[in-house]
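Me: I have a model open and I'd like to understand the words people use for it. Could we go through a few of them together?

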Amino acid sequence: MVATSETIKKVRETTSKYKYGFSTNIEVDKAPKGLNEEVIRLISLKKDEPEWMLEWRLEAYRKWLKMERPSWSKVNFPEIDFQEIHYYAAPKQKKKLNSLDEVDPELLKTYEKLGIPLNEQKMLAGVAVDVVFDSVSVATTFKEKLAESGVIFCPISEAIQKHPELIKKYLGSVVPVTDNYYTALNSAVFTDGSFVYVPKNVKCPMELSTYFRINEQNTGQFERTLIIVEDAGYVSYLEGCTAPQRDENQLHAAVVELVAMEDSEIKYSTVQNWYPGDENGVGGIYNFVTKRGKCLGARSKISWTQVETGSSITWKYPSCILQGDGSVGEFYSVAITNNAQQADTGTKMIHIGKNTKSTIISKGISAGNSQNTYRGQVQIQKSAKNARNFTQCDSLLIGDKCSAVTIPYINQHVSNAKVEHEATTSKISDDQLFYCFQRGIDTEAATSLIVNGFCKEVMKELPMEFAVEAQKLIGISLEGSVG
Amino acid sequence: MAILNINNVHLNVEEKQILKGISLSVNKGEVHAIMGPNGSGKSTLSYMLAGREGYELESGQVLFDQMDISTMSADERAKAGMFLAFQYPVELPGVSSMNFLREAVNSRRKYLGEAELNHLDFVKEARRIAKEMFIKDEMLKRYVNVGFSGGEKKRFEIFQMSMLNPKVAVLDETDSGLDVDALKIVSDGVNNFRSKENSVILITHYQRLLDYIVPDYVHILADGVIKKSGGPELALHVEKNGYAGIINAA
């Protein structure tokens with residue numbers, strides 16, 4: 001989500017209650033609850049998919065049936081009943097849309113409440129927006145300008161039809177279907193997401209932004225995103241989320257795959273602000289996401305930046321497979337937990353190529369009764385001569401009922417590789433707060449200043465448009481946690 | 001007219017009585033120096049005025065600009081124009097000095113019903129005042145008090161005071177740890193700030209500061225009460241003879 005003056009105003013007006021707790025009234029075309037081969041066939045049919053795609057889904061489904069739910073994380077939640085979820089829901093559309101004017105006014109109103117009127121977005125120079133409302137993309141902007149440069153940016157369902165050769169080659173190539181329980185499920189039932197293709201030598205002329213939003217009650221959200229950047233290409237991709245207030249937990253199990261060829265660069269930034277549940281964590285989003293990038297070409301670079309403030313449970317490890325010689329992986333993360341939120345997040349850096357380099361900067365902030373775990377793996381394989389990694393994990397505690405845990409796993413199989421790990425834990429001191437108060441800065445603003453200061457190294461990695469909003473979000477998500 | 005009226009204040013810190021019936025009246029345009037031996041309650045007095053948690057009144061009353069401060073939170077007092085220059089300014093890692101100060105200045109302006117300064121106007125004003133205090137641009141780009149020398153920290157406190165333009169400024173041992181040059185710069189800052197509209201309370205151990213900032217009144221604080229008040233000559237007397245005579249006589 002891009003911070004327009006309008007959005008900043010909205011964010012400012014926010015009170016301690018979750019402000020995006022509303023839902024729109026749009027007739028929904030939805031699959032019956034539960035999962036079986038028939039439902040998968042329905043999804044595939046609704047999406048007008050070719051036969052090979054349906055086969056791919058069914059195979060994933062059959063594998064999923066044989067898999068066990070993972071239980072190794074530090075997060076706790078009641079067992080999910082996968083037969084109680086709707087796997088397909090789409091806002092009803094009578095015909096194909098040619099322009100924004102034809103978009104359901106109800107939808108546009110929703111965006112307005114979210115603080116990102118599309119009309120304003122369209123005018124915002126340099127940012128194209130592919131909006132996902134529940135599961136179907138309803139509006140895409142800036143397509144023409146992108147097309148001029150040869151960049152493809154479209155819903156993945158469209159890519160399946162128009163660019164089957166790319167989908168067949170790369171879908172599941174970074175995150176295998178059976179990577180884990182949720183990736184298999186996602187592969188079987190994903191309904192939409194984004195597809196980006198940047199051709200050789202092309203620097204994508206604008207930042208690409210997708211706005212995910214969960215709307216339909218009890219609809220599991222299974223996005224699928226695939227980004228491919230050819231030799232010497234570049235793209236910066238922005239992802240942001242909000243969701244309406246609910247009573248029942250919502251599962252979100254997305255899969256994001258990035259492929260970077262020789263000398264190319266992918267910058268993937270996320271601001272995640274899904275409904276965290278009430279003070280006791282009831283009704284929040286379960287965010288179980290698999291994000292992975294493969295630096296396939298030499299000297300390629302993938303950089304993940306995330307600001308995680310929402311969800312009742314966040315369980316994600318954006319990772320890099322550094323296969324090309326001299327390739328670079330980066331992970332910059334701010335994870336904030338308040339009240340009863342739980343986060344188990346971090347990254348994996350898999351060094352395969354020679355002279356590969358990775359940097360991990362993780363800032364965890366815990367308040368209330370929350371629990372914040374950094375879990376990171378750095379693996380230096382035998383072939384990764386001269387690989388280097390630097391990891392820094394800092395935790396900030398607010399109050400005395402929360403917890404922060406840092407769990408680094410380091411597997412080093414090369415003697416001349418260099419792996420460094422630093423970790424700190426600190427608290428916001430009374431002295432710091434009093435100093436701010438004495439300058440007329442109130443509790444909320446002081447907390448926001450101090451916490452943003454703590455996160456500085458990560459925040460500066462965010463694209464400008466995102467950074468402003470992310471700073472506000474950090475303040476909002478910690479409201480009421482001090483004093 | 002009294003801008004600050006401290007009336008028979010008793011205050012305990014962690015159940016130990018520190019202020020034992022202190023009274024002090026400060027009018028607009030006056031500079032009061034408060035001197036006293038270690039442990040006499042000088043810093044407690046400053047925290048009490050600023051509204052630090054744990055420094056609430058046991059009894060007595062403090063009126064600031066006709067308002068009973070016991071009903072005001074620390075940030076409200078600051079916004080209303082109560083400023084404390086810290087003896088040990090606090091570091092805020094990652095918080096840029098300019099952002100911090102803009103937040104502070106605009107909170108006060110908002111409280112006063114004035115328009116908030118936009119980025120450009122704020123920077124202009126900050127640069128102007130910084131120049132007067134020999135504060136380099138580079139220092140403003142650093143994080144609040146992080147990597148500042150002792151002298152820089154004190155100068156930065158006075159710089160903030162000038163930016164915020166408070167009604168009452170309490171300077172808690174602002175002279176400690178300063179060399180002569182820094183002391184001169186800080187004193188010039190305070191002297192420039194002095195006007196008919198505001199008041200300054202200087203808390204200090206040493207008469208030296210009072211050569212640079214000449215007070216209207218000098219008070220000797222000992223054992224939680226003001227033992228003696230007088231003009232600048234009282235400070236000179238203390239410098240020469242120590243506190244013992246005054247404390248014992250009272």
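Reply: Happy to; below we set values of this predicted model against the cut-offs behind the words.

Me: Why are α2(A) and α3(A) called roughly antiparallel?

Reply: Look at helix α2 (residues 37–46) of chain A and helix α3 (residues 51–65) of chain A: they pack at an angle of about 150°. Angles over 145 degrees count as roughly antiparallel, and therefore the name fits α2(A) and α3(A). Their axes are 10 Å apart, and the crossing is right-handed.

Me: Which residues make that contact between α2(A) and α3(A)?

Reply: From α2(A) come A:Glu37, A:Ile40, A:Arg41 and A:Ser44, and they meet A:Met53, A:Leu54, A:Arg57, A:Leu58 and A:Tyr61 of α3(A). By class, the residues of this contact are five nonpolar, one polar and three charged.

Me: How do you know that the span of helix α11 (residues 443–454) of chain A agrees with what is expected?

Reply: With twelve residues at 1.5 Å a residue, α11(A) should span 16 Å, and its end C-alpha atoms are 16 Å apart, so the two agree.

Me: What makes α11(A) mostly covered?

Reply: A residue is buried if 20 or more other C-beta atoms lie within 10 Å of its own. In α11(A), nine of the twelve residues are buried, among them A:Ala446, A:Leu449, A:Ile450 and A:Phe454.

Me: And what makes up the contact of chain B with chain A?

Reply: The contact takes 21 residues from chain B and 17 residues from chain A. On the chain B side, the largest share, five residues, comes from α3(B). That side has twelve nonpolar, three polar and six charged residues.

Terms used:
Residues are numbered from 1 along each chain as its sequence is written. Chains are lettered from A and ligands numbered from 1 in the order in which they are written. This is a predicted model: local features need pLDDT of at least 70, side-chain atom pairs count only at pLDDT 80 or more; totals for chains, interfaces and linings use all residues. Axes are lines fitted to C-alpha atoms, for helices over the stretch in contact, and angles run from 0 to 180 degrees between N-to-C directions. Helices (H or I, at least four residues) and strands (E, at least two) are DSSP runs, numbered from the N terminus. Angles under 35 degrees count as roughly parallel, over 145 as roughly antiparallel, 65 to 115 as roughly perpendicular and the rest as oblique. A crossing is left-handed if the near helix is turned anticlockwise from the far one by less than a right angle, and right-handed if clockwise. Two residues are in contact if their C-beta atoms, placed from the backbone, lie within 7 Å. Ala, Val, Leu, Ile, Met, Phe, Trp, Tyr, Cys and Pro count as nonpolar, Asp, Glu, Lys and Arg as charged, and the others, Gly among them, as polar. The expected span of a helix is 1.5 Å times one less than its number of residues.
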